[in-house]
Amino acid sequence: MRGDDGGAVTAELAVGLVAVVLVLSAVLSLGQAVVAQVRCTDAAAAGARAAARGATAGEVSATASALAGGDAVVQVVPGGGTVEVVVRRRVRLALPGAPALPVQGRAVAAAEPTGAGP
């Protein structure tokens with residue numbers, strides 16, 4: 001090692017570690033967003049199935065909110081023999097200073113006929 005290289009390796013390592021941490025944070029943030037999107041879609045599907053079977057809007061909202069997460073907003077839209085459920089929430093990303101990312105899931109189900117049976 002030459003005498004004029006003092007501290008160069010330390011500085012390069014510090015810059016490299018910062019870059020690795022930022023890339024790792026970006027990957028984790030992307031994973032968070034994908035998981036939240038899947039949870040919202042699954043929650044909307046479960047809510048649409050419940051609504052199609054005749055559940056009340058309150059029951060549908062409770063079912064979908066439980067699956068999507070605590071801060072989810074559930075919208076139930078009946079009409080024309082179908083019911084649509086939209087689940088929205090915001091995801092706080094792992095990146096420092098990053099805004100919350102909005103995600104949503106949507107599902108439509110045909111309303112099942114109600115009756116006394118055969």
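A salt bridge is counted here when a side-chain nitrogen of Lys or Arg lies within 4 Å of a carboxyl oxygen of Asp or Glu. In this predicted model, the rule yields two salt bridges. One of them joins the side chains of arginine 89 and aspartate 71, with an N to O distance of 3.3 Å. This pair links distant parts of the chain, 18 residues apart: arginine 89 belongs to strand β2 (residues 82-91), while aspartate 71 sits in the loop between α2 (57-68) and β1 (73-79). Arginine 89 counts as buried, because its relative accessibility of 18% falls under the 20% cut-off. Its partner, aspartate 71, is partly exposed at 45% relative accessible area.

The side chains of glutamate 84 and arginine 106 also meet in a salt bridge, here at 2.7 Å from N to O. Glutamate 84 lies in strand β2 and arginine 106 in strand β3 (residues 101-110), so this contact ties together parts that are 22 residues apart in sequence. Glutamate 84 has a relative accessible area of 21% and is therefore partly exposed, as buried would require a value under 20%. Arginine 106 is partly exposed as well, with a relative accessibility of 45%.

Strand β2 has a further partner in β1. The two strands run antiparallel and are joined by seven bridges. Within this pairing, valine 73 stands opposite arginine 88 in β2. The hairpin of β1 and β2 has two residues between the strands, and glycine 80 takes a positive phi near 60° there. Another glycine with a positive phi is found just after α1, where glycine 54 takes a value of about 105°.

Turning to the helices, α2 offers a neat check on its geometry. At 1.5 Å a residue, its 12 residues should span 16 Å, and the C-alpha atoms at its ends are indeed 16 Å apart. Val60, Ala64 and Ala68 are buried in this helix. Viewed down the axis of α2, the buried residues fall within an arc of 50°, so they line one face of the helix. The general geometry helps here: an α-helix has 3.6 residues a turn, so residues three or four places apart point the same way. On the face of α2 turned away from the buried side, the exposed residues are Gly58 and Ala66.

The same kind of check can be made for helix α1, which covers residues 8-52. For its 45 residues, a rise of 1.5 Å a residue predicts a span of 66 Å, and the separation of its end C-alpha atoms, 66 Å, agrees. Arginine 39 is found in this helix, and its relative accessibility of 34% makes it partly exposed. Between the C-alpha atoms of arginine 39 and leucine 28, which are 11 residues apart along the chain, the distance is 16 Å.

Helix α1 also holds leucine 30. This leucine is exposed, because its relative accessible area of 58% is over the 50% cut-off. Together with Val34 and Val38, Leu30 forms a nonpolar patch on the surface, and the three residues share about 270 Å² of accessible area.

Conventions
Residues numbered from 1 in each chain as written. Predicted model: local features only at pLDDT ≥ 70, side-chain atom pairs only at ≥ 80, totals over all residues. Heavy atoms only, no water. Patch = residues over 30% accessible without salt bridge, like charges linked within 9 Å, V, L, I, M, F, W, Y side chains within 5 Å. Areas by Shrake-Rupley, 256 points an atom, 1.4 Å probe, with all protein chains shown as cover. Helix = DSSP H or I, 4+ residues; strand = E, 2+ residues; numbered from the N terminus. Buried < 20%, exposed > 50% of the residue type's maximum accessible area, 1.4 Å probe, protein only. Pairing = 2+ DSSP bridges. Expected span 1.5 Å × (residues − 1). Arc of directions from axis to C-beta.
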